[in-house]
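Student: Could you take a close look at one part of this protein with me? I would like to start with the cysteines and then see what surrounds them.

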Amino acid sequence: MVDNRYATALVIAGVLSALATVYLSVAVGTPHWYQYSSPAVRGEANVSELRSLYEEFMDGEFDEKTYSDTLFRLNGTVGLWWRCVLAPAANAHWHKERDAKMMLECRSFTVSQQLTPKYKEPGNHNSGEDLLRTYMWRSQCLLPLVSLGLVVLAGLIGFCACLCQSLTPTLGVGILHLLAGLCTLATVCCYLAGMDLLHRVSMLPDKVDGSLGWSLYLALISSPLHMMAAALLVWAARSHSQTYYRMSAYRVA
């Protein structure tokens, strides 16, 4: 029999865990982690340059400098698995910036692209590999998947515990949620540090500003939610265990 206090804690922890998982899943699947604000198109020469960047972004070979420059110049957004630019629709004219209908065009990062080394000078393969940026980029892609995997594992263990009507595995479920929250927090830290390092080696053009997007904030919110769920689960497990041993000792006495 589970005390009402512990049952309430478990329900609240379950709700927090579900919210955190949904937030993290949405964050991983959307590109709005970091976004750039670019100046309007001016002049035919500028139009030709931007169109060339756009075509290379959409159909060219994968290259960090090429897609970064396009993101800088075309109001780009970049996430963990997606990169997008804001460009006129296919039937619109680039030189009519005010009248053109703008659409978000996205391309995904493949697994091989995620594992591609980062160089000290983006686009220059002879400059040497930048190990710090390389492993931060790989970590920011791997850690959220680990976090989601830990939550799924915790959910399976919790489901089995419910079938067995036992609170014994709850401590392990709480620890798994704590690790998931730490992985999510590490993802955000790696992403922010990686973007800062990128902007140091690849300077933003004039009048181009960068800002954090809502996808990153969703991931940031999911981390403390997982940790709060972990705290409730650990408290319920420890308190129930102490109560059980006290009752056992009382019966023996």
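Is Cys141 buried or exposed?

Tutor: Happy to help. Cys141 is buried, with a relative accessible area of 4%. Here buried stands for under 20% relative accessible area and exposed for over 50%, with partly exposed in between, using a 1.4 Å probe and the protein chains only. Before going on, a word on the source: this is a predicted model, in which local features need pLDDT of at least 70 and side-chain atom pairs count only at pLDDT 80 or more, while totals for chains, interfaces and linings use all residues. Residues are numbered from 1 along each chain as its sequence is written, and side-chain values use heavy atoms, with hydrogens and water left out.

Let's stay with the cysteines. The whole structure has 1 disulfide, a term that stands for a pair of cysteine sulfur atoms within 2.5 Å. Cys84 and Cys106 form this disulfide, with 2.0 Å from S to S. The link is right-handed, with 105° about the S-S bond. Cys84 belongs to strand 3 (residues 82-88) and Cys106 to strand 4 (residues 102-108), so the disulfide ties together parts that are 22 residues apart in sequence. Helices and strands are DSSP runs numbered from the N terminus, helices being H or I with at least four residues and strands E with at least two. The two ends of the link have their own settings: Cys84 counts as buried because its relative accessibility is 0%, whereas Cys106, at 24%, counts as partly exposed. Your Cys141 is in no disulfide, and its nearest cysteine sulfur, that of Cys190, is 10.0 Å away. Cys190 is in no disulfide either; the nearest cysteine sulfur to Cys190 is that of Cys189, 7.0 Å away. With 16% relative accessibility, Cys190 also counts as buried.

Cys84 leads us on to Leu71. Apart from neighbours within four places in sequence, Leu71 is in contact (heavy atoms within 4.5 Å) with Cys84, and its other partners include Tyr36, Phe57, Val78 and Val85. Leu71 is also among the residues with the most contacts inside the largest nonpolar core, along with Trp33, Tyr36, Val78, Tyr191 and Met195; this core has 32 residues. A nonpolar core is a set of buried Ala, Val, Leu, Ile, Met, Phe, Trp, Tyr and Cys residues joined through side-chain atoms within 4.5 Å. Among the elements that each supply at least two residues of this core are helix 1 (4-29), strand 1, strand 3, helix 5 (131-164) and helix 6 (170-201). Helix 2 gives the most, with 5 residues. A second, separate core has 13 residues, including Ala20, Val151, Val173 and Ala229.

Tyr36 takes us to strand 1 (residues 34-37), where Tyr34 and Tyr36 make up the covered face and Gln35 and Ser37 the uncovered one. Strand 1 pairs with strand 2 (residues 77-78) in the antiparallel sense over 2 bridges; pairing requires at least two bridges found by DSSP between the strands. In strand 2, Val78 stands opposite Tyr34. Strand 1 also runs antiparallel to strand 5 (residues 209-212), to which 4 bridges join it. There, Ser211 is the bridge partner of Gln35.

Now for the charged side chains. The structure holds 4 salt bridges, each a side-chain nitrogen of Lys or Arg within 4 Å of a carboxyl oxygen of Asp or Glu. One of them joins Glu64 and Arg133, whose closest N and O atoms are 2.7 Å apart. This pair links distant parts of the chain, since Glu64 is in helix 3 and Arg133 in helix 5, 69 residues apart. Arg133 also meets Asp130 in a salt bridge, at 3.6 Å from N to O. Glu64, Asp130 and Arg133 are thus linked in a network of salt bridges. Glu64 and Arg133 are both buried, and Asp130 is buried too. Another salt bridge joins Asp196 and Arg200, with 3.1 Å between the closest N and O atoms. Both lie in helix 6, 4 residues apart, about one turn of the helix. Asp196 is partly exposed at 38% relative accessibility, while Arg200 is exposed, with a relative accessible area of 61%.
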